[in-house]
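The following exercises ask the reader to derive structural descriptions from coordinates. Each task is followed by a worked solution.

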Amino acid sequence: MKDSIKEIWVFGDYRNYFQNRVTLQLLSRATELAKMLQAKVCAVVFGDQVDEWVNEYIAHGADRVLVIDHPDLKNYKIETYVNLMIRLIGKQRPEIILVGATNFGREFAPRIAKRLKTGLSADCVDLDINDEGLLVQTAPSFGGNILAQIITPECKPQMATVRPGTFQEIPHNYERTGEIVRIPMPADLPKERVHLIFSERSPQRSQRIEEAKVVICGGRGMGSKKKFKKLTELGELMNAEIGATRPVVYANWIEADALIGQAGKHIKPKVLFAFGISGAIQHTAAINNAEFIIAVNKNPNAPMMAMADIAIVADANQVCTAMIKELKVRIRG
Ligand SMILES: Cc1cc2nc3c(=O)[nH]c(=O)nc-3n(C[C@H](O)[C@H](O)[C@H](O)COP(=O)(O)OP(=O)(O)OC[C@H]3O[C@@H](n4cnc5c(N)ncnc54)[C@H](O)[C@@H]3O)c2cc1C
């Protein structure tokens, strides 16, 4: 059993490292929470030949890293990873566990919470420590209509998953040192029932929408799939990424990974265009960090217009077409 200093654990999800920065973002927030709690930050890393990530997590704020490094852990195996985590938690008793709300994290964290009979707040948009030293987990609730502040006073560990892009990572510092605890792979784990047959990377976007400086978001007001496609042409001219609201994704006008909102991605562009978007809270919760918003909507009273720095009352298609025409003239001369 470790000494009595509390620990905040961050699960090390290092897949697609250069795109998926959520672990580094969580380490950054965990470092701030640890100061309030007088706790240590500990990263947990499972995998095969993972020293690179161990050092990376120390450079980004981890005081300690628990590592299980074994060829059997090369690919994510949900049951094995959960079993390993449960054993570590049983021995080390962390105060708080934070997991990125990636596809894997969303599968992983609830299984741990269920097995340990503790609480878990999913898709948090903020984390804090209250006067009682409890983790305050701010998460969209009741269909995203309110932001609930949730505490877990009676069970440990306190657990939360957090969306990529919610917190800013701190710059790495390779001078930092930390304790590395190497744990042998247990021989008596239950057999994994899920077998990976093959894996294939899905086609990459030109840049990650969460990091894009300019994002063009389209909503149902674009009218049709064909009209929505014009936004892609505009995006190419502006080197912008394309995002969408839920009705657009459901209508199959664009792939699901373009979804911006509570159920999709959080963005923080310098400039955000919102074409034909009403501004429902489930969508706007994910664009609060946009620096400058230009909205185009036929309805001047749409909530999106109130949120915008420039609100253009017009037909979204006409504005999009006019911008394409003007940009082509400017670019080609
Ligand atoms: C649990 C839950 C989770 C959800 N998660 C998400 C999420 O992650 N992301 C998300 O986006 N939504 C989410 N939603 C749905 C959300 O509540 C809204 O329904 C959705 O964001 C609305 O999308 P929209 O603005 O494209 O469509 P609408 O609300 O239908 O708005 C269309 C807008 O276009 C305008 N318009 C119409 N024609 C034109 C035109 N020719 N030119 C200009 N403007 C025009 C209209 O005035 C209107 O303001 C979620 C809902 C629930 C219950």
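The exercises below treat two sheets, three helices and one loop residue in turn.

The model is a predicted one: local features require pLDDT of at least 70, side-chain atom pairs count only at pLDDT 80 or more, and totals for chains, interfaces and linings use all residues. Residues are numbered from 1 along each chain as its sequence is written.

**Exercise 1. Determine the strand order and the edges of the parallel sheet.**

Solution. Begin with the strands, which, like helices, are DSSP runs numbered from the N terminus (E, at least two residues, for strands; H or I, at least four, for helices). Two strands pair if DSSP finds at least two bridges between them. Seven strands then form an open sheet in the order 5-9-4-1-2-3-10, with parallel pairing. Strand 5 (120-124) and strand 10 have a single partner strand each, so they stand at the edges and one side of each lacks a neighbour in the sheet. From one strand to the next, the twist averages 20°. As a detail at one edge, strand 5 and strand 9 pair over three bridges in the parallel sense, and Cys124 has Val162 in strand 9 as its bridge partner.

**Exercise 2. Repeat the analysis for the sheet with the order 6-7-8.**

Solution. This open sheet has three strands and antiparallel pairing. Strand 6 and strand 8 (146-150) are the edges: each has a single partner strand, so one side of each is left without a neighbour in the sheet. Neighbouring strands are turned by 25° against each other on average, direction ignored. Strand 6 and strand 7 (residues 135-141) are joined in the antiparallel sense over four bridges, and Asp128 stands opposite Val136 in strand 7.

**Exercise 3. Describe the length, burial and surroundings of helix 1.**

Solution. First, compare spans. The expected span is 1.5 Å times one less than the number of residues. Helix 1 (residues 22-37) has 16 residues and reaches 22 Å from its first C-alpha to its last, close to the 22 Å expected. Second, assign burial: a residue is buried if 20 or more other C-beta atoms, placed from the backbone, lie within 10 Å of its own, exposed if 12 or fewer, and partly exposed in between. Among the buried residues of helix 1 are Val22, Leu26, Leu27, Ala30 and Leu33. Third, identify the cover, which includes strand 1 (7-11), helix 2 (51-59) and strand 6 (126-129). Finally, Gln38 follows helix 1 and has a positive phi, near 50°.

**Exercise 4. Characterise the packing of helix 3 against helix 4.**

Solution. Axes are lines fitted to C-alpha atoms, for helices over the stretch in contact, with angles from 0 to 180 degrees between N-to-C directions. The axes of helix 3 (residues 78-92) and helix 4 (residues 103-116) come within 10 Å and cross at roughly 45°. Angles under 35 degrees count as roughly parallel, over 145 as roughly antiparallel, 65 to 115 as roughly perpendicular and the rest as oblique; helix 3 and helix 4 are therefore oblique to each other. Contact residues, defined by C-beta atoms placed from the backbone and lying within 7 Å, include Tyr81 and Met85 of helix 3 and Phe108 and Ile112 of helix 4.

**Exercise 5. Is Val194 buried or exposed, and which residues does Val194 touch?**

Solution. Val194 lies in the loop between strand 10 (179-182) and strand 11 (214-218). Val194 counts as exposed because it has 9 C-beta neighbours inside 10 Å. Not counting residues up to four places away in sequence, Val194 touches Lys77, Ile78 and Glu79. Val194 and Lys77 are 117 residues apart in sequence, yet their C-alpha atoms are 7.3 Å apart in space.

Conventions
Two residues are in contact if their C-beta atoms, placed from the backbone, lie within 7 Å.
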